[in-house]
Amino acid sequence: MPNYDFRCKKCDHKFSSRVSYEGKDAVTCPKCDGKSEQIFTGFLYAKSAGSTTGAGGGCSSSNCSGCSGC
Ligand SMILES: [Zn+2]
């Protein structure tokens, strides 16, 4: 199951959660239980780095075009 990063819209708390693709729209903040939205920092970093050796990677496929599913 992929690990997504989220930010709480209510208290601005940032956290990571392992959820299904469908479930990431219903993730709530572990602190205040507020609605949270997905953030894409790791996503962008991995793309601009152009390397598979970065921390938090996990996708080693050269055919990968953004790690949205792997
Ligand atoms: Zn919160």
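This note walks through the strands and loops of one predicted protein model.

1. Ground rules. Residues are numbered from 1 along each chain as its sequence is written. The model is predicted, so local features need pLDDT of at least 70, side-chain atom pairs count only at pLDDT 80 or more, and totals for chains, interfaces and linings use all residues.

2. Overall layout. The protein has 1 helix and 3 strands. Here helices (H or I, at least four residues) and strands (E, at least two) are DSSP runs, numbered from the N terminus. The order from the N terminus is β-β-β-α.

3. Burial and contacts overall. Of the 70 residues in the protein, 9% are buried. A residue is buried if 20 or more other C-beta atoms lie within 10 Å of its own, exposed if 12 or fewer, and partly exposed in between; C-beta atoms are placed from the backbone. Now take contacts between residues at least 6 apart in sequence: 32% of them join residues at least 24 apart. Two residues are in contact if their C-beta atoms, placed from the backbone, lie within 7 Å.

4. The two faces of E1. Strand E1 spans residues 3–8. Its covered face holds Tyr4, Phe6 and Cys8. Its uncovered face holds Asn3, Asp5 and Arg7. In a regular strand the side chains alternate between the two faces of the sheet.

5. E1 with E2. Strand E2 covers residues 14–18 and pairs with E1 in the antiparallel sense, over 5 bridges. Two strands pair if DSSP finds at least two bridges between them. Which residue of E2 is the bridge partner of asparagine 3? It is arginine 18. Tyrosine 4 has serine 17 of E2 as its bridge partner. E2 lies largely in the open, because the number of its 5 residues that are buried is 0.

6. The hairpin turn. The hairpin of E1 and E2 has 5 residues between the strands. Aspartate 12 sits in this loop. Its phi is near 70 degrees, a positive value in a residue other than glycine. Is aspartate 12 buried or exposed? Aspartate 12 is exposed, because 11 other C-beta atoms lie within 10 Å.

7. E1 with E3. Strand E3 covers residues 36–39. E1 and E3 run antiparallel and are joined by 4 bridges. Aspartate 5 stands opposite isoleucine 39 in E3.

8. Threonine 28. This residue lies in the loop between E2 and E3. Why does threonine 28 count as partly exposed? It has 14 C-beta neighbours inside 10 Å. Its C-alpha atom is separated by 7.4 Å from that of cysteine 8, and the two residues are 20 apart along the chain. Leaving aside neighbours within four places in sequence, threonine 28 is in contact with Asp33, Gly34, Lys35 and Ser36.

9. Aspartate 33. One contact of threonine 28, Asp33, deserves its own look. Aspartate 33 is placed in the loop between E2 and E3. Its phi is near 65 degrees, a positive value in a residue other than glycine. Aspartate 33 counts as exposed, because it has 11 C-beta neighbours inside 10 Å.
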